[in-house]
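Visitor: I would like a close look at one strand of this model and at what surrounds that strand. Please choose one and follow its connections outward.

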Amino acid sequence: MEDYIFCRIAVGTSGCWKMWETSQTIAFLDINPVSRYHTLVIPKKHYANIFDIPDDELREVASAVGEIAKRFKEKLGVSHKQILSNNGREAQQEVLHLHFHLIPRSSGDGNNLRWKTIRPSREEFEEMASILNT
Ligand SMILES: [Zn+2]
């Protein structure tokens with residue numbers, strides 16, 4: 001059994017500022033927040049990333065993400081939020097226990113992501129779509 005911090009949080013052997021819990025998920029404030037109320041949502045069972053988690057448990061996590069996002073809006077008036085999940089080292093996943101970030105955003109907060117875009121040809125778009133659509 002690996003010993004990642006999120007597993008310890010899930011079973012309660014490490015503390016956290018918990019804001020949501022179901023039988024399969026837990027949500028807590030990120031210890032290194034990029035904004036107030038920056039929250040992480042994780043499955044309680046250990047899955048390294050989205051490729052490992054069974055569909056029914058992923059649905060539970062996604063449902064929790066949605067519920068917490070709505071709670072932010074209702075309780076805090078937060079209606080601008082970035083929701084993201086890094087899966088795999090090359091995708092900047094640092095803690096290898098599946099997690100979703102819910103990051104309240106505001107104008108001028110300096111946290112805008114800057115993606116470098118590419119310019120596929122029409123043929124490349126058609127090829128990509130056909131590969132994924134079969
Ligand atoms: Zn874990």
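**Strand E2 and its surroundings**

Guide: The protein chain has 3 helices and 5 strands. This is a predicted model. Read from the N terminus, the order of elements is α-β-β-β-α-β-β-α. Along the principal axes, the C-alpha atoms of the chain fill a box of roughly 50 × 40 × 25 Å. Of the 134 residues, 17% are buried. Contacts between residues at least 6 apart in sequence tell something about the chain too: 54% of them join residues at least 24 apart.

Now to strand E2, residues 25–29. Is E2 mostly enclosed or mostly open? It is largely enclosed by the rest of the structure, because 4 of its 5 residues are buried.

Start with the neighbours of E2 in the sheet. On one side is E1, residues 18–21, joined to E2 by 3 bridges. The two strands run antiparallel. They form a hairpin, with 3 residues between them. One bridge pairs Trp20 with Ala27 of E2. On the other side, 5 bridges tie E2 to E3, residues 39–43, and this pair is antiparallel as well. Here Ile26 has Ile42 of E3 as its bridge partner.

Step back to the whole sheet. It is open, has 5 strands and follows the order E1-E2-E3-E5-E4, with antiparallel pairing. Its edges are E1 and E4 (81–84), each of which pairs on one side only. Neighbouring strands are turned by 15° against each other on average, direction ignored. Strands in a sheet pair through backbone hydrogen bonds. In a regular strand, side chains alternate between the two faces of the sheet.

What lies across these strands? Helix H2 does, spanning E1, E2, E3, E4 and E5. H2 runs at about 160° to E3.

Next, the core. The largest nonpolar core counts 17 residues. Ala27, Val41, Ile42 and Val65 have the most contacts inside it. Elements that give two or more residues to this core are H1, E2, E3, H2 (55–76) and E5 (100–104). H2 gives the most, with 4 residues. Two names return from the strand pairings: Ala27, the partner of Trp20, and Ile42, the partner of Ile26. Val65 is worth following further. Leaving aside residues up to four places away in sequence, Val65 touches Val41, Ile83, Phe100 and Leu102.

One more residue belongs in this picture. Cys7 sits in helix H1, residues 5–11. The C-alpha atoms of Cys7 and Ile42 are 9.3 Å apart, although 35 residues separate the two in sequence. Why does Cys7 count as partly exposed? It has 18 C-beta neighbours inside 10 Å, and a buried residue needs 20 or more, so Cys7 misses that class.

To sum up E2: 3 bridges link it to E1, 5 bridges link it to E3, and H2 lies across it. Ala27 is among the residues with the most contacts in the core.

Definitions and conventions. Residues are numbered from 1 along each chain as its sequence is written. This is a predicted model: local features need pLDDT of at least 70, side-chain atom pairs count only at pLDDT 80 or more; totals for chains, interfaces and linings use all residues. A residue is buried if 20 or more other C-beta atoms lie within 10 Å of its own, exposed if 12 or fewer, and partly exposed in between; C-beta atoms are placed from the backbone. Two residues are in contact if their C-beta atoms, placed from the backbone, lie within 7 Å. Two strands pair if DSSP finds at least two bridges between them. A nonpolar core is a set of buried Ala, Val, Leu, Ile, Met, Phe, Trp, Tyr and Cys residues joined through C-beta atoms within 7 Å. Axes are lines fitted to C-alpha atoms, for helices over the stretch in contact, and angles run from 0 to 180 degrees between N-to-C directions.
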